[in-house]
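Hi everyone, thanks for making time for this. I'd like to walk you through a structure that is new to most of you, so keep the picture open while I talk.

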Amino acid sequence: MADDKTTDSSAQGDANDANARVQALIKYVKIKEKPVELTGEIKVPCIKPNSFIDVKPQLLTAIEPLQRLGYPIGGLVPNWKEVFLKKMDEILKKYRSVKLFLDICVRCGACTDKCHYFIGTADPNNMPVARAELMRKVYRRYFTWQGKLLGSKFVNGSDLSEELLAMWYTYFYQCSECRRCAVFCPSGIDTAEITMAAREILNSVGLVQKYMHEIIDKAQNIGNNLGMQQNAIVNALEFVQDELQETTEIPDIRIPIDEEGADVLFVTPSADFFASPHIESLYGYAKVFHQAGISWTMSTHASEGGNFGMFVHNYGNMKKINKRIWEAARDLKVKRVIGGECGHMWRVLSSYSNTMFGPFDWLDSRYPRPQHICEFTLDLLNRGALKIDKTANDEFVVTMHDSCQVARGLEMGGTKYGQFEIPRGVIRGVCNRFEDMPENTIKERTFCCGAGQGLLGDDMIATRVKGAIPRMQAYSYAKREKGVNFVALICAICKAQLSKMFPTYGIAMEEVGGIHQLVGRAIVLGAKEGI
């Protein structure tokens, strides 16, 4: 017995040591990065090994949210290697795509210069193939017969170690899962799937990123990313309604809340309730619904359109958040569901909702799946159901930043390339002057804003500054060559990121806004045109 106690005590000591070593390796350090000069050119940098190895997100250590989300507390679990390999085995069996992507890469290098974080940081570990190699090394060592039989050095693999774990935590949180690399991969490898899987494995051993999971916890348990209680939501939306009525001098323009029997349930990111420039699009949505003469409602139960659950491989989190929308749609007996300006929200609504909670055969048969607000508004514009004064936007030469989740995640409106052409159709419908940024930076080849997929926290500001470089260079080119002075967005994260990066790079924050901000400026309110 004495020997057993000694052994147990020794094992516990080793576990504590491992946790302490990992905590030291991934300790958050506040790092400032200066913006580069804007020349309008996007240059592939000379590599600088480990130049961004010190940039890591903060860990979530609060016990209650960790427990609610089903994650370990206290940092690295004692038997972390066993848990790590068990979770990875589970993912490889559950998601065939991940195993396929690990098997088929031939290291052709087509993806190496496509990542905004590599272009911004010059760290070779931010090349998509190198980042994924962190997982492939473990895969070859522990999940191939050659690795199991011969060991890591014979298969170019890696044994599990605290150092490797720290590399995973560092570089899989320097990926915004934007999937631009996948567009250029001749084998179609979706590196975002590998990043999501890696994050889920890290969560299982107790290394849980703070910013993203605090938001997931609030969305699941309170109902929105901001943690606003229902009475606060009502107060916020009533304030917006008062502002609308005062500025438009139209007393019956409304932001309806929890109105049973409305035709439309409208869901949007909670940032639209008061953050700038997001709220300007909320004004635009309300004006469109008012002028169209269609009954609509928002929901205090489904007060969040954003769904950070998609950013890790745990689809259970995504499903819990999305469930509120469909509960509200049924309870309020609406005929259709429309989503506002949010990239990942739209991807979850359009790509995953039906398999998680469909079929939605109780909705109006003409609208059997969720619609995007741009799809809704463009249809009204094309049918002449909205009066528009384009000159209201004549002070702007507008360009559009394609949100990566919309551009590469799905279609819109059931039409080929609708995700590109429908938002541009709305802009052209309400503005006289529109210019695209360079072709290699838009549509399916769009660059991420630099803060997607859980990297919008202030702890990742260095990554955000560097990751924004390609977009900022493309915008500065359009600004210099075409006189562009406004970028229109359909993503809440892009709005938050670029409204911070524009001043960082010496451009006015007011040059960032939503598409429905432009719609709201141009729409002529008055006699109902009807639909």
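**A walk through the salt bridges, sheets and cysteines**

Let me start with one residue: arginine 141, which counts as buried at 18% relative accessibility. Buried here means under 20%, so arginine 141 falls on the buried side. Before I go on, please remember that this is a predicted model.

So what does arginine 141 pair with? Its salt-bridge partner is aspartate 159, and the closest N and O atoms are 2.7 Å apart. Arginine 141 is in helix α6, residues 128-143, while aspartate 159 is in the loop between α7 (145-150) and α8, so this pair ties together parts that are 18 residues apart in sequence. Aspartate 159 itself is partly exposed, with a relative accessible area of 39%.

Some background on this kind of pairing: side chains of opposite charge can pair when their charged atoms come close. How many salt bridges are there in this model? The count comes to 29.

Here's another one I like. Glutamate 162 and arginine 21 meet through their side chains in a salt bridge, at 3.3 Å from N to O. Find helix α8, residues 162-171, for the glutamate, and helix α1, residues 2-25, for the arginine; the pair ties together parts that are 141 residues apart in sequence. Are the two partners buried or exposed? Glutamate 162 counts as buried, at 12% relative accessibility. Arginine 21 is partly exposed, with a relative accessible area of 39%.

Now for a pair within one helix. Arginine 68 and glutamate 64 form a salt bridge, with 3.8 Å between the closest N and O atoms. Both sit in helix α2, residues 63-69, four residues apart, and that is about one turn of the helix. Glutamate 64 counts as exposed at 54% relative accessibility, and arginine 68 is partly exposed, with a relative accessible area of 41%. There's a third member here too: Asp217 is linked with Glu64 and Arg68 in a network of salt bridges.

Okay, on to the nonpolar surface. Which residues make the patch I have highlighted? They are Trp145, Leu149, Leu150 and Phe154, and together they make a nonpolar surface patch of about 520 Å². Take leucine 150 as one of them: you'll find this leucine in helix α7, and it is partly exposed, with a relative accessible area of 44%.

Next, the sheets. One open sheet has four strands in the order β2-β1-β3-β4, with parallel pairing. At its edges are β2 (296-297) and β4 (371-372), each of which pairs on one side only. Further in, strand β1, residues 264-267, runs parallel to strand β3, residues 336-339, and four bridges join them. If you want a spot to zoom in on, look at phenylalanine 266, which stands opposite isoleucine 338 in β3.

There is also an open sheet of three strands, ordered β5-β6-β7, and its pairing is parallel. Why do β5 (398-400) and β7 (512-514) each have a side without a neighbour in the sheet? They stand at the edges and each has a single partner strand, so one side is left without a neighbour. From one strand to the next, the twist averages 40 degrees. Three bridges pair β5 with strand β6, residues 486-489, in the parallel sense. Among the residues involved, valine 398 has phenylalanine 486 in β6 as its bridge partner.

Now, cysteines. How many disulfides does the count give? Zero. Cysteine 108 is in no disulfide, and the nearest cysteine sulfur, that of cysteine 185, is 6.1 Å away. Cysteine 342 is in no disulfide either; there the nearest cysteine sulfur belongs to cysteine 491, at 5.4 Å. The cut-off for a disulfide is 2.5 Å between the sulfurs, so cysteine 342, with its nearest cysteine sulfur 5.4 Å away, is not counted in one. Cysteine 342 also counts as buried, at 1% relative accessibility.

One last stop: leucine 85, in helix α3, residues 80-94. How far apart are leucine 85 and isoleucine 201 in space and in sequence? They are 8.5 Å apart, C-alpha to C-alpha, and 116 residues apart in sequence. Leucine 85 is partly exposed, with a relative accessible area of 22%.

That's my tour, thanks for listening.

Terms used:
Residues numbered from 1 in each chain as written. Predicted model: local features only at pLDDT ≥ 70, side-chain atom pairs only at ≥ 80, totals over all residues. Heavy atoms only, no water. Buried < 20%, exposed > 50% of the residue type's maximum accessible area, 1.4 Å probe, protein only. Salt bridge = Lys/Arg side-chain N within 4 Å of Asp/Glu carboxyl O. Helix = DSSP H or I, 4+ residues; strand = E, 2+ residues; numbered from the N terminus. Patch = residues over 30% accessible without salt bridge, like charges linked within 9 Å, V, L, I, M, F, W, Y side chains within 5 Å. Areas by Shrake-Rupley, 256 points an atom, 1.4 Å probe, with all protein chains shown as cover. Pairing = 2+ DSSP bridges. Axes fitted to C-alpha atoms, helices over the stretch in contact; angles between N-to-C directions.
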